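A learner and a teacher sit down with a new structure. The learner asks how to read its features, and the teacher answers from the case at hand.

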Amino acid sequence: VVKDTIGLLKSELVLKGVAARLDLAGRLPLVLGNATELQQVVLNLVLNAIDVLASNAPLGRQIVISAVENGEFVRCSVADSGPGIGQEQLDRIFEPFFSTKAKGMGMGLAICHAIIDAHGGRLWAENAPTGGAIFHFTLPRNK
Ligand SMILES: Nc1ncnc2c1ncn2[C@@H]1O[C@H](COP(=O)(O)OP(=O)(O)OP(=O)(O)O)[C@@H](O)[C@H]1O
Ligand SMILES: [Mg+2]
């Protein structure tokens, strides 16, 4: 699903001058889920990253999407080299209609959260020590 979603975003990434790298572990356990919904999650996270990277210098626009096995879960992370998320915003970004964008609806992350919840996983955000935001979500492995 991650590979397919990045495929869909290829021309958008080129247009916005963003370099996206995939770092997917070789033998990930299978997860059971709705592929269209999970695609929506990856799409929203990567589109948000592309948005914030617009304010970076052209050579500083990077996204890394990784997936690893983590106990009973698979954890997927979307990291960007953007400005990160302010402390007071970190508590609010998953609320419906919270947006700092002129034309933002503020629904992207609320939808992602609902989808991951419904799959028995968790979605959260943090700032990377090196700057930039990282969004992580987990999905239970299929038993
Ligand atoms: N990668 C990121 N780096 C910094 N801030 C972010 C990032 N992703 C999201 N945010 C913040 O979280 C807010 C909410 O994101 P969300 O995707 O829910 O809404 P939106 O992108 O503003 O609008 P839309 O409904 O079109 O997705 C954003 O407006 C932005 O302030
Ligand atoms: Mg969004």
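**Reading strands, core and pockets**

Q: Which residue in E5 is the bridge partner of Phe 73?

A: In this predicted model, Phe 73 has Pro 140 in E5 as its bridge partner. That pair belongs to a longer ladder, in which E3 and E5 run antiparallel and are joined by 7 bridges. Another residue pair to look for between Ser 77 and E5 is the one with His 136.

Q: How many bridges join E4 to E5, and in what sense do the strands run?

A: Strand E4, residues 123–127, is joined to E5 by 5 bridges, and the two run antiparallel. To find the pairing on screen, start at Asn 127, which stands opposite Ala 133 in E5. E4 and E5 form a hairpin, with 5 residues between them. In that turn, Gly 131 has a positive phi of about 95°.

Q: What joins E2 and E3, and over how many bridges do they pair?

A: E2 and E3 pair over 8 bridges in the antiparallel sense. One bridge links Ile 65 to its partner Val 78 in E3. These strands also form a hairpin, here with 2 residues between them. Gly 71 sits in the turn and has a positive phi of about 60°.

Q: Which residue has a positive phi although it is not a glycine?

A: Phe 97 does, with a phi of about 70°. Look for Phe 97 in the loop between helix H4 (87–90) and H5. Its relative accessible area is 61%, so Phe 97 counts as exposed.

Q: How many residues of E5 are buried?

A: Burial is read from relative accessible area, and a residue under 20% counts as buried. In E5, 7 of the 8 residues are buried, so the strand is largely enclosed by the rest of the structure.

Q: Which residues have the most contacts inside the largest nonpolar core?

A: The general idea comes before the case. In soluble globular proteins, nonpolar side chains tend to be buried together. Here the largest nonpolar core has 31 residues, and those with the most contacts inside it are Leu 45, Val 46, Ile 63, Ile 65, Phe 135 and Phe 137. At least two residues of this core come from each of H1, H3, strand E2 (62–70), E3, H5, E4 and E5. H3 gives the most, with 8 residues.

Q: How many disulfides are there?

A: The count comes to 0 disulfides. A disulfide calls for two cysteine sulfur atoms within 2.5 Å. Cys 76 is in no disulfide, and the nearest cysteine sulfur, that of Cys 112, is 11 Å away. Cys 112 is likewise in no disulfide, with the sulfur of Cys 76 as the nearest. Cys 76 counts as buried because its relative accessibility is 5%. Cys 112 is also buried, with a relative accessible area of 0%.

Q: Where does Asp 51 lie?

A: Asp 51 lies in helix H3. With a relative accessible area of 39%, Asp 51 is partly exposed. Its C-alpha atom is separated by 8.8 Å from that of Lys 16, although the two residues are 35 apart along the chain.

Q: What is the volume of the largest pocket?

A: Again the general idea comes first. Rolling a probe the size of a water molecule over the atoms shows where empty space is left. In this model the largest pocket has a volume of about 590 Å³. It is lined by 26 residues, and the closest to its centre are Asn 48, Val 52, Thr 100, Lys 101 and Leu 109. Helix H3 (35–53), strand E3 (73–80), helix H5 (108–118) and strand E5 (133–140) are the elements that give two or more residues to the lining. H3 gives the most to this lining, with 7 residues. By class, the lining of the largest pocket has 14 nonpolar, 9 polar and 3 charged residues.

Q: Which residues are closest to the centre of the second largest pocket?

A: The second largest pocket holds about 480 Å³ of space. Of its 19 lining residues, the closest to the centre are Val 1, Val 2, Leu 28, Val 31 and Val 74. Helix H1 (2–8), H3, E3 and E5 each supply at least two residues of that lining, and H3 gives the most, with 3 residues. By class, the lining of the second largest pocket has 17 nonpolar, 1 polar and 1 charged residues.

Notes. Residues are numbered from 1 along each chain as its sequence is written. Chains are lettered from A and ligands numbered from 1 in the order in which they are written. This is a predicted model: local features need pLDDT of at least 70, side-chain atom pairs count only at pLDDT 80 or more; totals for chains, interfaces and linings use all residues. Side-chain values use heavy atoms; hydrogens and water are left out. On a 1 Å grid over the protein atoms alone, a cavity is a set of points where a 1.4 Å probe fits but cannot get out, and a pocket is an open set with protein on both sides within 12 Å along at least five of seven lines; lining residues have an atom within 4 Å of a point. Grid points are joined across faces, edges and corners, and a volume is the space filled by probe spheres set on the points. Helices (H or I, at least four residues) and strands (E, at least two) are DSSP runs, numbered from the N terminus. Ala, Val, Leu, Ile, Met, Phe, Trp, Tyr, Cys and Pro count as nonpolar, Asp, Glu, Lys and Arg as charged, and the others, Gly among them, as polar. Buried means under 20% relative accessible area, exposed over 50%, partly exposed in between (1.4 Å probe, protein chains only). Two strands pair if DSSP finds at least two bridges between them. A nonpolar core is a set of buried Ala, Val, Leu, Ile, Met, Phe, Trp, Tyr and Cys residues joined through side-chain atoms within 4.5 Å.
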